[in-house]
Amino acid sequence: MTALGTSTTSIDEPTLEQWSMSDASMRAEAVAQGRVWHLRVNRREVWHLLVTARGAPRRFQSLETLARRLLELNIVDLEVIRPPTPSPLSARNTASLSPRSNADHSCEPSTWDDWFKEQIQISLRDKRPGTDYRQVWREADERIRKIGGLHARPKKS
């Protein structure tokens with residue numbers, strides 16, 4: 001059985017949107033497969049896999065994209081399912097990419113998972129508007145121009 005499960009039925013985006021408008025509660029699972037994420041939704045004790053119009057599993061490039069889609073659908077109960085733990089050799093190669101500091105490497109994986117799930121749930125519950133990336137670029141560009149451009153040096157006094 002794969003991480004997506006063999007007992008899931010397919011569901012498309014329009015049906016999922018209709019379900020989100022109904023009063024029935026839904027739970028969601030974000031399932032990692034390689035570099036992409038898939039969405040499974042549980043409604044009335046039946047698991048459904050979100051698929052494209054052609055029937056292929058819908059892929060999300062990041063967990064943040066998947067979480068935003070869930071927020072649009074008002075689904076706040078999310079469980080993150082990650083792939084099996086890598087071998088010690090590959091873990092040693094990716095240790096520098098880990099978001100944890102060196103002091104946190106002694107934490108148990110379950111502690112890290114709990115913290116990560118909590119951060120996802122907090123971000124899903126957050127109703128504040130996000131900052132558009134275009135606004136961030138404009139502000140950065142204004143600051144650069146204010147000091148005289150990319151290659152400006154401080155004036156000697």
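**Notebook: contacts, core and second largest pocket**

I started at Leu 78, which, with neighbours up to four places away in sequence set aside, is in contact with Ala 28, Glu 29, Ala 30, Leu 66, Leu 70, Ile 120, Gln 121 and Leu 124. I note here that the model is a predicted one.

**Entry: overall layout**

I counted the secondary structure next and found five helices and five strands. Read from the start of the sequence, their order is β-α-β-β-β-α-β-α-α-α. The protein has 157 residues, and 25% of them are buried. I also looked up the contacts with a separation of 6 or more, and 57% of these join residues 24 or more positions apart.

**Entry: the nonpolar core**

I went back to Leu 78 with the core in mind. The largest nonpolar core holds 22 residues, and Leu 78 is among the members that touch the most others, along with Leu 16, Trp 37, Leu 39, Leu 66, Leu 70 and Ile 75. Two or more residues of this core come from each of α1 (13–21), β2 (26–33), β3 (36–43), α2, β5 (78–81) and α4. I set beside this the general tendency of nonpolar side chains in soluble globular proteins to be buried together. Leu 66 and Leu 70 appear again in my contact list for Leu 78.

**Entry: Glu 29**

Which residues does Glu 29 touch, not counting those up to four places away in sequence? I found His 38, Leu 39, Arg 40, Trp 47, Leu 78, Glu 79 and Ile 81. Glu 29 is in strand β2. I then checked whether this residue is buried or exposed. The relative accessible area of Glu 29 is 9%, so the residue counts as buried, the cut-off being under 20%.

**Entry: the end of β2**

I followed strand β2 on to Ala 32 and Gln 33. Ala 32 has a relative accessible area of 8% and is buried. Gln 33, at 31%, is partly exposed. I took one C-alpha distance for each. Ala 32 and Phe 60 lie 9.5 Å apart, with their positions 28 residues apart in sequence counted as separation. Gln 33 and Arg 59 are 26 residues apart in sequence and 9.3 Å apart in space.

**Entry: Lys 117**

Lys 117 belongs to helix α4. Its relative accessible area is 28%, so Lys 117 is partly exposed. Where does Lys 117 make contacts, leaving aside neighbours within four places in sequence? I found Glu 79 and Val 80. From C-alpha to C-alpha, Lys 117 and Val 80 are 6.7 Å apart, while in sequence they are 37 residues apart.

**Entry: the loop between β3 and β4**

I looked up backbone angles here. Most residues other than glycine have a negative phi. Arg 44 is not a glycine, yet its phi is positive, about 55 degrees. Glu 45, also not a glycine, has a positive phi of about 65 degrees. Arg 44 sits in the loop between β3 and β4 (46–50), and Glu 45 is placed in the loop between β3 and β4 as well. I checked accessibility for both. Arg 44 is exposed at 62% relative accessibility, and Glu 45 is exposed at 68%.

**Entry: helix α5**

I compared the length of α5 with what its residue count predicts. Helix α5 (residues 133–147) has 15 residues, which at 1.5 Å a residue should span 21 Å. The expected span uses one less than the number of residues. The end C-alpha atoms of α5 are 22 Å apart, so the model agrees with the expected value. After α5 comes Gly 148, with a positive phi near 110 degrees.

**Entry: the second largest pocket**

I finished with the second largest pocket, which holds about 430 Å³ of space. It is lined by 16 residues, and those closest to its centre are Glu 64, Arg 68, Leu 71, Ser 123 and Gly 130. Which element supplies the largest share of the lining? I found α2, with six residues. Helices α2 (63–72) and α4 (109–125) each give at least two residues to the lining. By class, I recorded seven nonpolar, six charged and three polar residues in the lining.

Notes
Residues numbered from 1 in each chain as written. Predicted model: local features only at pLDDT ≥ 70, side-chain atom pairs only at ≥ 80, totals over all residues. Heavy atoms only, no water. 1 Å grid on protein atoms, 1.4 Å probe; cavity = no way out; pocket = protein on both sides within 12 Å on 5 of 7 lines; lining within 4 Å. Points joined across faces, edges and corners; volume = space filled by probe spheres on them. Helix = DSSP H or I, 4+ residues; strand = E, 2+ residues; numbered from the N terminus. Nonpolar A, V, L, I, M, F, W, Y, C, P; charged D, E, K, R; others polar. Core = buried A, V, L, I, M, F, W, Y, C linked by side-chain atoms within 4.5 Å. Buried < 20%, exposed > 50% of the residue type's maximum accessible area, 1.4 Å probe, protein only. Contact = heavy atoms within 4.5 Å.
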